[in-house]
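Trainee: I have a structure to read and little practice. Can we go through it feature by feature?

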Amino acid sequence: MFCLQPGDKVGIVTPASFIRQGDIDSGLHYLQSLGLIPVLGQHVYNEWHYMGGTAEQRAADLMSFYRDDSIKAIFTSRGGGGSSYILPHLDYELIKANPKPLFGLSDITILQNAVYAQSGCPSYTGMILKQDMKDNAYAMPSNDFQNLINGNEMTYTGGQTVTSGHAEGTLIGGNLTALSYLFGTTYMPELSGKILLLEDIGGKSFWIDLRLQQLRQTPGFDKLQGIIFGEFSDCTIIDKEDGTPDEIIDTFCQNLTIPVIKHFPYGHIPARHILPVGLPVKFNADDCSVRF
């Protein structure tokens, strides 16, 4: 666990899709309201294709904040796509020597899990500046965030039991589509002994099914300790035979003996929790609780 104090500097980066001037003003003001001092990366407002600058530029911003001892945490401006481009350009030994929390959601899943796999440095998924604090499009989980940065023990409950039981293990994962881009690469964390967090948004429902099958065939899946399914929002069902996300999850879990829940309040939804990537959690599927 870590703490942020008034007067602490925090870095702001755009490692995935680009943003424009004004997109994160509300988010910056919120951080300032807590006494934090946002420091923008040099390339935060850059554009290269659909991304926030070239891979080298985005990686340079991130690494500059890991090098800077005055920066106590790093916040991402948005998700979208493109985080995978920067993975070969990061210095994971330097990150390991200068660990600090990285906050994000969605495509930032790629970066958070890769950083954990390569350096052991933890992150926090569930907060992102552009979506969480703009025009009330998402409900900023401020109580979660303020309790987290104060170093409090966090206990969340919610969802529905799929397979009962309880487990302890390091939490990994986040967005299923983004995580699938890591399958088969050296940037994918080991599944063995882990508790896996999954959510997604958009696309066709059968894509969820296929990505879950790919996950099942990934080494270490049979040694997972538990699975927490968040919300799968705005999915399109092309044919009724494709199934709903709920039906796909239920079928996927039929032969699993590890604890599993679904509809946990995490994902691309207005009220979501902030969860660690790369830290140990206690998971109880009977009362749908997660504690860290």
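Mentor: Start with one term. A residue is buried when its relative accessible area is under 20%, and exposed when that area is over 50%. Keep in mind that this is a predicted model.

Trainee: Let me try that on a strand. How many residues of strand 8 are buried?

Mentor: Strand 8 spans residues 166-175, and 8 of its 10 residues are buried. The strand is mostly covered.

Trainee: Which strands is strand 8 joined to, and in what direction do they run?

Mentor: Take one partner at a time. Strand 13, residues 280-284, runs antiparallel to strand 8, with 5 bridges between them. In that pairing, E168 stands opposite K282. Strand 9, residues 194-201, runs parallel to strand 8, and 6 bridges join the two. There, L171 stands opposite I195.

Trainee: And the side chains of a strand, where do they point?

Mentor: In a regular strand they alternate between the two faces of the sheet.

Trainee: Now a helix. Which residues of helix 1 are buried?

Mentor: Helix 1 covers residues 25-33, and its buried residues are G27, L28, Y30 and L31. Look down the helix axis: these residues fall within an arc of 155 degrees, so they line one face of the helix. The face turned away from that buried side carries the exposed residues H29 and S33. Just after helix 1 comes G35, with a positive phi of about 90 degrees.

Trainee: What sign does phi have in most residues?

Mentor: Most residues other than glycine have a negative phi. G35 is a glycine, but two other residues deserve a look. H49 has a phi near 55 degrees, a positive value, and is not a glycine. C288 also has a positive phi, about 55 degrees, and is not a glycine either.

Trainee: Where do H49 and C288 lie?

Mentor: H49 sits in the loop between strand 2 (37-40) and helix 2 (55-67). C288 sits in the loop between strand 13 and strand 14 (289-291).

Trainee: Is each one buried or exposed?

Mentor: H49 counts as exposed because its relative accessibility is 60%. C288 counts as buried because its value is 6%.

Trainee: C288 is a cysteine. How many disulfides does the structure hold?

Mentor: The general idea: a disulfide is a covalent bond between the sulfur atoms of two cysteines. This structure holds 0 disulfides.

Trainee: Why does C3 have no such bond?

Mentor: Check the distance. The closest cysteine sulfur to that of C3 is in C121, 16 Å away, so it is too far for a bond. The cut-off is 2.5 Å. As for accessibility, C3 is partly exposed at 41%, whereas C121 is buried at 3%.

Trainee: Last feature: aromatic rings. How many aromatic pairs are there?

Mentor: The structure holds 14 aromatic pairs. One of them joins F221 and F252: their centres are 5.8 Å apart, the planes stand at 65 degrees, and the pair is edge-to-face. This pair links distant parts of the chain, 31 residues apart. F221 lies in the loop between helix 8 (205-216) and strand 10 (226-233), and F252 lies in helix 9 (residues 245-252). Both are buried.

Trainee: How are the rings of F229 and F232 arranged?

Mentor: Their planes are at 50 degrees and their centres 6.2 Å apart, so the pair is tilted. F229 and F232 are buried.

Trainee: Which residues form an aromatic cluster?

Mentor: F2, Y30, F75, F103, Y124 and F145 form one. You have met Y30 already, among the buried residues of helix 1.

Conventions
Residues numbered from 1 in each chain as written. Predicted model: local features only at pLDDT ≥ 70, side-chain atom pairs only at ≥ 80, totals over all residues. Heavy atoms only, no water. Buried < 20%, exposed > 50% of the residue type's maximum accessible area, 1.4 Å probe, protein only. Helix = DSSP H or I, 4+ residues; strand = E, 2+ residues; numbered from the N terminus. Pairing = 2+ DSSP bridges. Arc of directions from axis to C-beta. Phe/Tyr/Trp six-rings, centres within 6.5 Å; stacked < 30°, edge-to-face > 60°.
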